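Let us walk through a protein chain together, starting with the whole and then moving to individual residues. Please keep the viewer open as you read.

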Amino acid sequence: MKTKKTLWGILCLILVFGLFFAGCDTPTGGSNSGNGNGNGSENGNGSGSESENGNGAGEGGGTAVPNAPMGVSATAQSSSSVLVTWNSVSGAASYKVYYSNTSSGTYTLDGTSSSTSYTSTDWVSSTAYFKVTAVNSAGESAYSSVASATLSSGAGGGGGTAVPNAPTGVSATAQSSSSVLVTWNSVSGAASYKVYYSNTSSGTYTLDGTSSSTTYTSTDWVSSTAYFKVTAVNSAGESAYSSVASATLSSGAGGGGGAAAPSTPTGVSATAQSSDRVLVTWNSVSGAASYKIYYSLTSSGTYNLDGTSNSTSYTSTGWSDASIAFFKVTAVNSIGESNYSSVASATLPSGGGAAAPSAPTGVSATAQSSSSVLVTWNSVSGAANYRVYYSKTYSGTYTFDGTSSSTSYTSTGWDYSGTVYFKVTAVNSAGEGNYSSAASVTLSSGSGSGGTSPSYGSVRIQNNSSHTIKNLAIYRVPSGIDLLTVTIPAASEQTVNNVMPGTYDEIGSETYAGYKIRTEKTFTVISGQTVTLTITNSDLITN
């Protein structure tokens, strides 16, 4: 009995303690998943998940904005893509990745990621800069620190395409009160160019547009001065900025008086002279000092500068036969450049058929009396006859004087004291060739002498190189410059009259088809005489 009663007592004590502890663990009003302060939260004030701050949505405030990401890194994966990675941020639902072309520049949203990595693509810049933010329902964090990556130079490294150099020779010319023509030198290896603008020289430069040539027209300006920088682009990336070029835009028509950029040329026409050359003509524009001629392979394509002219005609050479050439012309003065003219086009004939003859060379004009001039020239292969034109100014409009079936012509009926200029063309069944260079003679009462003006000399330019040369500049000792506006195809010659006498020691020329003259060559021009200047391949450099 004693043993049994003792066992019963022990059982009673166990039952009492069991009920006591069960009562302590049971929440008021229900089970462990009921409506008390707990809801699965370790801290007793949660709202479902374990809260790091101990103040979830139930009480004491909402979710906090996450911290800025740390450990941000950028690694170039190719010449056009970058892998951006960072450390995980507690409480972040996603991340935003921002990019810039400069470390301290404006950062633009590139994309978002729900992980701790992101691949940024379509890069052409040599160095890419990134910042990352963390995002949740409470908002977006501050920027991370900057991470950058230098993109590789194309596939295959160490011998692939390199990022091009920054453009040089950048120039900006106001074409009107609202447009600016930006030009620059060609960059080796560049596939295209980007043009950036700013309202101040040291301000932020914004992309204005792109160009596949070395010119770009920026429009819609209302600022008095426009500033530009240019970069060169290829598959490996984008070059550094060029130096700054600026243009001061004139006030619009009717405002404030003063000179204005000239009007747009009208009456533009293009005529094929042979299978590889086109004569472009237009009406004279009041106030224009010169004209620029632009060409394209398509009517609506990019127009590239072909050359300049001081008259109202221009011959474009180097065309392939059976192609179509498109042209636009602008007028230029000290204020700026006009808008483009309307398009003119010419279909070049096939090289297999007859072609218009070449321009005559060796043109000379000699006064026979005070009223007549003998004009002579070299024979042109394939020419059936010749046409002779005259003008009282070198760069003026040339008027038809007469025809000749030989290599001479006498211009009569002159009652004029001053210099007269002549140009000659060759003609056959295929058409009329290009103008020759101008020959001049000074007429005066009772004069029996002619040729170039007695106070000037002549320069015969023999182009023995394998490239066309255009618009020479000859430099006089000790100072001075003469501009010889000519286009001389390879293996041909032209004579320029009315050149200032003196000793010259340097020659330059306009860039044409990638080549230009830049050489030291000493020669002397003597009044009333002709000096021969020979150009060879050794005198040419590539642009």
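The paragraphs below go from the overall make-up to aromatic pairs, charges over rings, strand pairing and a few loop residues.

Please keep in mind that this is a predicted model. The chain has 1 helix and 40 strands. Of its 543 residues, 40% are buried. The chain exposes about 26500 Å², and carbon and sulfur atoms account for 48% of that area. If you take the contacts between residues at least 6 apart in sequence, 61% of them join residues at least 24 apart.

Now for the rings. The structure holds 17 aromatic pairs. One of them brings together Tyr 389 and Phe 400, whose ring centres are 5.7 Å apart. Their planes meet at 65°, and edge-to-face means over 60 degrees, so this pair is edge-to-face. Tyr 389 belongs to strand S26 (residues 385-391) and Phe 400 to strand S27 (residues 399-404), with their positions 11 residues apart in the count along the chain. How buried or exposed are the two partners? Tyr 389 has a relative accessible area of 10%, so it is buried. Phe 400, at 43%, is partly exposed.

The next residue in the numbering, Tyr 390, has a ring partner too: it forms an edge-to-face pair with Trp 414, at 5.3 Å centre to centre and with 85° between the planes. Tyr 390 lies in strand S26, while Trp 414 sits in the loop between strand S28 (408-411) and strand S29 (418-428), so the pair ties together parts that are 24 residues apart in sequence. Here Tyr 390 is partly exposed, with a relative accessible area of 25%, whereas Trp 414 counts as buried at 11%.

Back at Tyr 389, you can follow the rings further. Ring pairs link Tyr 389, Tyr 398, Phe 400 and Tyr 435 into a cluster. Tyr 435 also has a charged neighbour: Lys 423 lies over the face of its ring, 5.1 Å from the ring centre. Elsewhere, the charged end of Lys 229 sits over the ring of Tyr 205, at 4.5 Å from the centre of that ring.

Strand pairing is the next stop. Which strands make up the open sheet of 3 strands, and in what order? The order is S17-S18-S21, and the pairing is antiparallel. Strand S17 (269-272) and strand S21 (313-317) are the edge strands, each pairing on one side only. On average, neighbouring strands in this sheet are turned by 25° against each other, direction ignored. Strand S18 (residues 277-281) is joined to S21 by 5 bridges, and the two run antiparallel. To find your place in the viewer, look for Val 278, which stands opposite Ser 316 in S21.

Further along the chain, strand S36 (residues 502-510) and strand S37 (residues 515-519) run antiparallel and are joined by 2 bridges. Ile 507 has Thr 519 in S37 as its bridge partner. S36 and S37 form a hairpin with 4 residues between the strands, and in this hairpin Ala 513 takes a positive phi near 55°. S37 is also joined to strand S40 (residues 540-542), this time by 3 bridges, and again the strands run antiparallel. There, Tyr 515 stands opposite Thr 542 in S40.

Two loop residues round off the tour. Where does Ala 491 sit? Ala 491 is in the loop between strand S34 (481-488) and strand S35 (492-499). Its phi is near 60°, a positive value in a residue other than glycine. Exposed means over 50% relative accessible area, and Ala 491 has 69%, so it is exposed.

The other loop residue, Ser 405, takes us back towards the aromatic pairs. Ser 405 is found in the loop between S27 and S28. With 67% relative accessibility, Ser 405 counts as exposed. Its C-alpha atom is separated by 6.1 Å from that of Tyr 386, although the two residues are 19 apart along the chain.

Technical notes. Residues are numbered from 1 along each chain as its sequence is written. This is a predicted model: local features need pLDDT of at least 70, side-chain atom pairs count only at pLDDT 80 or more; totals for chains, interfaces and linings use all residues. Side-chain values use heavy atoms; hydrogens and water are left out. Buried means under 20% relative accessible area, exposed over 50%, partly exposed in between (1.4 Å probe, protein chains only). Contact means heavy atoms within 4.5 Å. Accessible areas come from the Shrake-Rupley method with a 1.4 Å probe; for residues, only the protein chains shown count as cover. Rings of Phe, Tyr and Trp (its six-membered ring) pair if their centres lie within 6.5 Å; planes under 30 degrees apart count as stacked, over 60 as edge-to-face and the rest as tilted. A charge sits over a ring if NZ of Lys or CZ of Arg is within 6 Å of the ring centre and within 35 degrees of the ring normal. Two strands pair if DSSP finds at least two bridges between them. Axes are lines fitted to C-alpha atoms, for helices over the stretch in contact, and angles run from 0 to 180 degrees between N-to-C directions.
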